[in-house]
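This briefing reviews selected features of a single model, grouped by topic. The sequence and structure are shown first.

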Amino acid sequence: MFESVCLVHYHEIGLKGKNRSTFENQLVINLKRALRAFPVAGVSRISGYIVVETEDHRATKELQAAISQVPGVARVSRAYRCGLDQEEFFSAAVRALEEVASFTTFKVHARRSATNFPIHSIELNRMVGSVLCEHFPDKKVAMHAPDATVVVHVIQGSTYVYADSIVGVGGLPVGTAGKVVSLLSSGIDSPVATWMVGRRGATVIPVHFSGRPMTADTSEYLCQDIISTLEGAGIIGRLYVVPFGERQREISLTVPQSLRIIMYRRVMYQVSERIAQIEGASALVTGESLGQVASQTLDNIAAVNEAVTIPILRPLIGSDKQEIIARAQAIGTFDISAQAADDCCTLFMPRRPETHARMREVLSAWNSFDHEAMVDDLVAQVEYRDFNQCPSYRPPKELSRFHKELLPRETA
Ligand code: ATP
Ligand code: MG
């Protein structure tokens, strides 16, 4: 029996020069956290890779799939780890190829990272290739686009042999790109935007504005489900929920109907900016995509942006709905988002929202109610729940003492 391990490949990290070891160490920490449910015996760095070992020396498909979800992972291979003895890695190669479900053509790709290994990779290719040809007489070698590739890689006194390799989500390890506050509705777009900045290494703090007490709290629970679905990616520290229904009603009674949404949004952005200050986060994130709905025209984006100074990241601004839906399906949030729930955005909606807001009118509506007191009041009423997905997250001391903890969703 050979010991099987998961060999984790990352490429972008390799490009980061001096930061390289910081990135690698963070990825090791994140993998340990993400794989809590598996019998992992060790996660360690070996030149250019990370190796995940299990207690029973068996790397399963499930483990491989879980690793592939972690930002920073470019590829994961289920590899047999052998010594430098030829007979050993020859039979590992036979075994690896036997496990490929169906193939007619194959090739061998041999490499050596250990320069003291006496056999050159061209020779190694030939040797392993001829062993495999003997064992699989009805299969053909194809150097171009083979159905299966058996990789034999000599690294630091061990040989790693594999044919089963899957693509990971890529990106950078969470915790290496700072912290952001993401405006999370229970809709399709913002969970995708949240995941995308997380994949680029940001620690994400979602903020959800609910219509409570004017609506049910369904959207709050859908947001919690969305965050739980992102568990495997390990990007979320804490969720903030802001009950916004009462204040929306106030706004809807004071400002011109067509400008309501812009006013709601300006308040939402200011509250989020304040949460970002408390959290030490350096940007807001939204799921807007240009022109998708009335509120997402350039004029309206400008009318809302003007309320804050913090940078706003819009990772989906150039995406089409179909692309966003495909991504939502891939990360598992689509089915949750497809469930109907009133959030604050469906409450007190105007019949004809402004699509090209003029700043003068926006500011005049904005100054017609005491927005400063409103924002202070909303920040004071923020509720939160910790998700502990992301090992680099440290909660701020400032809020936790007097704010209400949001109850976890009850399982029905
Ligand atoms: P989504 O699919 O993310 O709900 P949308 O297509 O409904 O977006 P809008 O309603 O214009 O579009 O919302 C634009 C962005 O504003 C959202 O992607 C999200 O980042 C933020 N947002 C909207 N509603 C809320 C909310 N209730 N709580 C927090 N953020 C929100
Ligand atoms: Mg929405």
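In this predicted model, P213 falls in the loop that runs between β10 (203–210) and α6 (218–229). The bond that joins R212 and P213 is a cis peptide bond, with omega at about 0°. The points below cover backbone geometry, nonpolar cores, aromatic and charge–ring arrangements, and the surroundings of K107.

**Backbone geometry**

- Most residues other than glycine have a negative phi, and most peptide bonds are trans.
- Against that background, H57 has a positive phi of about 60° although it is not a glycine.
- H57 is placed in the loop between β3 (49–54) and α2 (61–68).
- H57 counts as partly exposed because its relative accessibility is 44%, and the partly exposed class lies between the limits of 20% and 50%.
- A145 also departs from a negative phi: its value is positive, about 45°, and the residue is not a glycine.
- The loop between β6 (140–141) and β7 (148–155) holds A145.
- A145 has a relative accessibility of 60% and therefore counts as exposed, the cut-off for that class being over 50%.

**Nonpolar cores**

- The largest nonpolar core comprises 73 residues, and those with the most contacts inside it are I251, M263, V267 and V271.
- Helix α8 (residues 260–279) gives the most to this core, contributing 10 residues.
- Leaving aside neighbours within four places in sequence, M263 is in contact with I251, V255, V362, A365, W366 and F369.
- A second, separate core has 28 residues, including Y80, F103, F106 and L124.

**Aromatic pairs and clusters**

- A search of the whole structure finds 7 aromatic pairs.
- F89 and F90 form one of these pairs, in an edge-to-face arrangement with 5.6 Å centre to centre and 85° between the planes.
- F89 and F90 are both buried.
- W366 and F369 form an edge-to-face aromatic pair, at 5.6 Å centre to centre and with 85° between the planes.
- Both members of the W366 and F369 pair are buried, and both residues appear among the contacts of M263.
- F103, F106 and F136 form one aromatic cluster; F103 and F106 are also included in the second core.

**Charges over rings**

- K139 lies over the face of F103, at a distance of 4.7 Å from the ring centre.
- F103 itself belongs to the aromatic cluster with F106 and F136.
- R238 is positioned over the face of Y384, at 4.0 Å from the ring centre.

**Surroundings of K107**

- K107 lies in strand β5, which spans residues 105–112.
- Which residues are in contact with K107, leaving aside its neighbours within four places in sequence? They are A142, M143, P146, A148, T149 and V150.
- A polar atom of the K107 side chain lies 3.5 Å from the backbone oxygen of M143.
- K107 and V150 are 43 residues apart in sequence, yet their C-alpha atoms are 6.3 Å apart in space.

Notes
Residues are numbered from 1 along each chain as its sequence is written. Chains are lettered from A and ligands numbered from 1 in the order in which they are written. This is a predicted model: local features need pLDDT of at least 70, side-chain atom pairs count only at pLDDT 80 or more; totals for chains, interfaces and linings use all residues. Side-chain values use heavy atoms; hydrogens and water are left out. Helices (H or I, at least four residues) and strands (E, at least two) are DSSP runs, numbered from the N terminus. Contact means heavy atoms within 4.5 Å. A polar contact is a pair of N or O atoms within 3.5 Å; within protein, one must be able to donate a hydrogen and the other to accept it, and residues adjacent in sequence count only if both atoms are side-chain atoms. Buried means under 20% relative accessible area, exposed over 50%, partly exposed in between (1.4 Å probe, protein chains only). Rings of Phe, Tyr and Trp (its six-membered ring) pair if their centres lie within 6.5 Å; planes under 30 degrees apart count as stacked, over 60 as edge-to-face and the rest as tilted. A charge sits over a ring if NZ of Lys or CZ of Arg is within 6 Å of the ring centre and within 35 degrees of the ring normal. A nonpolar core is a set of buried Ala, Val, Leu, Ile, Met, Phe, Trp, Tyr and Cys residues joined through side-chain atoms within 4.5 Å.
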